[in-house]
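Let's walk through this protein chain together, one question at a time. Keep the structure open beside you and look up each residue as we go.

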Amino acid sequence: MRSGSPTVIAQITDPHILAAGERLGGVIDTAAYLRDAVVHVNGLVPQPDLVVITGDLTDGGSREQYDNLAGLLDPLRAPYVLLPGNHDVPKTLAEVFPGRATWPCALEVGPLRVLLLDDSVPGSPNGRVGEEQLAWLESELSGSSSPTIVAVHHPPYATGVAHMDRMGLDDGQALGDVIERHPHVVRVITGHLHRNITTLWRGTVVTTTPSVAHQVALDLTDGEARWRREPPAAHLHVWLPDEQLLVTHTSPIGDFGPPEPF
């Protein structure tokens, strides 16, 4: 029998919100997808201790888009924080979400620490953490041995989806050098790829969460960029105190009927 309660950190990513009433490419109703994601997270038992939303919050970074995003996230019951992605404008994001959008940032969530990094580069689809944040990360990781999650938008590893890898984290090697020196980093969590991906990297596990909207088509042949209506999902990063273990569950978003007994 478990003696300790789990700590749950939910992660959603890449909603690509537009101005109210608009659809991405004239087709994808990203606002409707995010509404479904909020309902899904609100229905989780137990409720997450924190929700981390890992970038590409809007598609163009305008004030109107962030205002729309704020209204869509307002019903979310759990506390949440926001990371910018390559489609975002950090300054505008921080203005609309004071207190929820500060980077770099260290949070204490039960026994866990969550370190948030901004890897957005103005005008570029690629990411870069930069020397200042890398130094901050080194200092934060050196100052505590608590199990730690590092959150960043761009995956720091190659995924095999070539057109997305070319829009990767330019200083991923330098980030890995820091991570590798600190074995208490139990997870690096990312977005950007619009796919469910896991790998062992630089001594820890890195997970990439599907988008809450459309997914990038899985193509390992260096083909053209395409998208699919594969199921959206959240990740639930669950710290099990008795086992001293972080496990990551994929939680599909959609109506799949109620749980039924075997």
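Q: Which residues are linked with R63 in a network of salt bridges?
A: Keep in mind that this is a predicted model. Side chains of opposite charge can pair when their charged atoms come close. One pair to look at is R63 with D67, whose closest N and O atoms are 3.3 Å apart. The network around R63 takes in D67, K91 and E95.

Q: In which helix do R63 and D67 sit, about one helical turn apart?
A: Along the chain, R63 and D67 are four residues apart, so about one helical turn separates them. Both are partly exposed, R63 with a relative accessible area of 45% and D67 with 40%. The helix that holds the pair is helix 2, residues 63-73.

Q: How many salt bridges does the chain come to by the count?
A: There are charged side chains of both kinds here: 17 positive and 32 negative. The centres of those two sets lie 3 Å apart. For salt bridges, the count comes to 13.

Q: How many residues apart are R113 and E140, the pair that links distant parts of the chain?
A: The side chains of R113 and E140 meet in a salt bridge, 2.6 Å from N to O. R113 belongs to strand 5 (residues 112-116), while E140 belongs to helix 4 (residues 131-142). Along the sequence, the two are apart by 27 residues.

Q: Is R113 buried or exposed?
A: The cut-off to use is this: buried means under 20% relative accessible area. R113 has a relative accessible area of 7%. That puts R113 in the class called buried.

Q: Which residue meets R181 in a salt bridge?
A: Start from R181, which is in the loop between helix 6 (172-180) and strand 7 (185-190). Its partner is in helix 4, 43 residues apart from it. That partner counts as partly exposed, at 21% relative accessibility. The N-to-O distance is 2.8 Å, and the residue is E138.

Q: Which residues is H163 in contact with, leaving aside its neighbours within four places in sequence?
A: First find H163 in helix 5, residues 162-165. It is buried, with a relative accessible area of 13%. Once those sequence neighbours are set aside, its contacts are V216, D222, G223, E224 and A225.

Q: What is phi of D222, roughly?
A: D222 is one of the residues in contact with H163. It lies in the loop between strand 10 (215-216) and strand 11 (227-228), and it is partly exposed, with a relative accessible area of 45%. Most residues other than glycine have a negative phi, and most peptide bonds are trans. D222 isn't a glycine, yet its phi is positive, near 60 degrees.

Q: Where is Q244, which has a positive phi although it is not a glycine?
A: Phi of Q244 is about 50 degrees. At 53% relative accessibility, Q244 counts as exposed. Its place is in the loop between strand 12 (233-240) and strand 13 (245-252).

Q: What is omega for the cis peptide bond that joins W103 and P104?
A: P104 is in the loop between helix 3 (90-96) and strand 4 (105-109). Another cis bond runs from V45 to P46, with omega near 0 degrees, and P46 is in the loop between helix 1 (30-42) and strand 2 (50-54). For the bond joining W103 and P104, omega is about -10 degrees.

Q: What distance separates the C-alpha atoms of S145 and H182?
A: S145 is in the loop between helix 4 and strand 6 (148-151), and it is exposed, with a relative accessible area of 64%. Along the chain, S145 and H182 are 37 residues apart. Their C-alpha atoms are separated by 8.4 Å.

Q: What is the radius of gyration of the chain?
A: The secondary structure comes to six helices and 13 strands. For 262 residues the globule rule gives 18 Å, and the chain's value is close to that, so the chain is as compact as a globular protein of that length. The radius of gyration is 17 Å.

Technical notes
Residues are numbered from 1 along each chain as its sequence is written. This is a predicted model: local features need pLDDT of at least 70, side-chain atom pairs count only at pLDDT 80 or more; totals for chains, interfaces and linings use all residues. Side-chain values use heavy atoms; hydrogens and water are left out. The radius of gyration is taken over C-alpha atoms; the globule rule is 2.2 Å times the number of residues to the power 0.38. Lys and Arg count as positive and Asp and Glu as negative; His and the chain ends are not counted. The place of a charge is taken as NZ of Lys, CZ of Arg, CG of Asp or CD of Glu. A salt bridge is a side-chain nitrogen of Lys or Arg within 4 Å of a carboxyl oxygen of Asp or Glu. Buried means under 20% relative accessible area, exposed over 50%, partly exposed in between (1.4 Å probe, protein chains only). Contact means heavy atoms within 4.5 Å.
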